[in-house]
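I sat down today to look up pockets, a cavity and one helix pair. Here are my notes, in the order I took them.

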Amino acid sequence: MARQTRQRILDTSLAMFNEQGEPNVTTNHIADELEISPGNLYYHFRNKDDIIEQLFQRYEERMDSALVAPEGRLPNLEDIWLQLHLVFECIWEYRFLYRDLVDILSRNRHLRMRFARILKRAAANATGVMRGLVQAGVMRASAAEIEGTATNILVLATFWLNYASVRGDKDEQEAIRLGIVQVMMLVAPFMRDEERMHLNTLTKAYLR
């Protein structure tokens with residue numbers, strides 16, 4: 001029973017943080033939504049930052065599972081598309097982190113260090129995938145171009161939702177789809193003509 005209550009607190013907190021923004025939600029709001037006493041909530045979590053840390057743990061596990069390159073073969077265009085979809089789905093599910101990223105990380109040094117490690121793993125993954133594409137003959141890019149593009153991909157993915165919000169986009173799921181396409185456009189100039197045509201076909205089908 002206690003484990004179920006703990007899970008309900010995390011699930012409800014995530015939904016409220018995503019919908020209302022983490023700074024606008026207090027532990028009392030969460031307890032009211034769950035129709036439990038604040039004391040019951042504090043039995044499971046010390047404070048709101050404790051809840052955020054537990055949600056971050058779930059986010060980190062989800063992101064790590066998305067950042068898995070194909071084994072035993074070189075990557076192809078569909079692999080990148082699928083991986084980006086999984087990454088952006090994770091960003092969407094935990095979008096409160098990205099909307100209030102600077103504020104949340106500035107309050108918690110431990111989370112800041114963990115997020116930095118996630119970015120490092122993501123950069124290594126993006127670099128490895130692009131090197132595989134070069135090896136497979138899908139791309140032509142120097143080591144410096146690959147490293148620069150990997151950095152640009154991370155910057156775009158990390159701050160895309162904030163950019164879309166400032167731009168006035170109302171449909172965040174549509175914004176996620178556009179974010180994936182924007183990332184692919186960073187890679188497109190390095191692709192062979194045949195692969196660029198294939199990418200164009202995939203993009204049109206994806207945005208329907």
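**Entry 1: the second largest pocket**

Which residues line the second largest pocket? I should say first that I am working from a predicted model. I found His-85, Phe-88, Glu-89, Trp-92, Gln-173, Ile-176, Arg-177, Ile-180 and Tyr-206 in the lining. Helix 5 and helix 10 each supply at least two of the residues there. I sorted the lining by class and got five nonpolar, two polar and two charged residues. The space in this second largest pocket comes to about 150 Å³.

**Entry 2: the largest pocket**

Next I turned to the largest pocket, with a volume of about 510 Å³. I noted 32 lining residues, and Leu-67, Gln-83, Leu-84, Val-87 and Asn-125 are the ones that lie nearest the centre. Which elements give two or more residues to this lining? They are helix 4, helix 5 (77-93), helix 8, helix 9 (143-167) and helix 10 (172-187). Helix 5 gives the most, with nine residues. By class, I wrote down 26 nonpolar, four polar and two charged residues for the lining of the largest pocket.

**Entry 3: the cavity**

I then asked how many cavities of 30 Å³ or more the structure holds. The answer is one, and about 30 Å³ of space lies in it. Its lining is made of Asp-49, Ile-52, Ile-104, Arg-107, Asn-108 and Leu-111. Helix 4 and helix 7 (101-107) are the elements that give two or more residues to this lining. Three of the cavity's lining residues are nonpolar, one is polar and two are charged.

**Entry 4: helix 4 against helix 8**

Helix 4 had turned up in the largest pocket and in the cavity, and I wanted to see how it packs. For two packed helices, the description I need is the angle between the axes and the distance between them. The axes of helix 4 (residues 48-66) and helix 8 (residues 109-135) come within 11 Å and cross at roughly 10°. Why do I call helix 4 roughly parallel to helix 8? Because angles under 35 degrees count as roughly parallel, and this pair crosses at roughly 10°.

From helix 4, the contact uses Ile-52, Glu-53, Phe-56, Gln-57, Tyr-59, Glu-60, Met-63 and Asp-64. From helix 8, I listed His-110, Leu-111, Arg-114, Phe-115, Ile-118 and Arg-121. By class, this contact has seven nonpolar, two polar and five charged residues. I also marked Ile-52 and Leu-111, which take part in the helix contact and line the cavity as well.

Methods:
Residues are numbered from 1 along each chain as its sequence is written. This is a predicted model: local features need pLDDT of at least 70, side-chain atom pairs count only at pLDDT 80 or more; totals for chains, interfaces and linings use all residues. Side-chain values use heavy atoms; hydrogens and water are left out. Axes are lines fitted to C-alpha atoms, for helices over the stretch in contact, and angles run from 0 to 180 degrees between N-to-C directions. Helices (H or I, at least four residues) and strands (E, at least two) are DSSP runs, numbered from the N terminus. Angles under 35 degrees count as roughly parallel, over 145 as roughly antiparallel, 65 to 115 as roughly perpendicular and the rest as oblique. Contact means heavy atoms within 4.5 Å. Ala, Val, Leu, Ile, Met, Phe, Trp, Tyr, Cys and Pro count as nonpolar, Asp, Glu, Lys and Arg as charged, and the others, Gly among them, as polar. On a 1 Å grid over the protein atoms alone, a cavity is a set of points where a 1.4 Å probe fits but cannot get out, and a pocket is an open set with protein on both sides within 12 Å along at least five of seven lines; lining residues have an atom within 4 Å of a point. Grid points are joined across faces, edges and corners, and a volume is the space filled by probe spheres set on the points.
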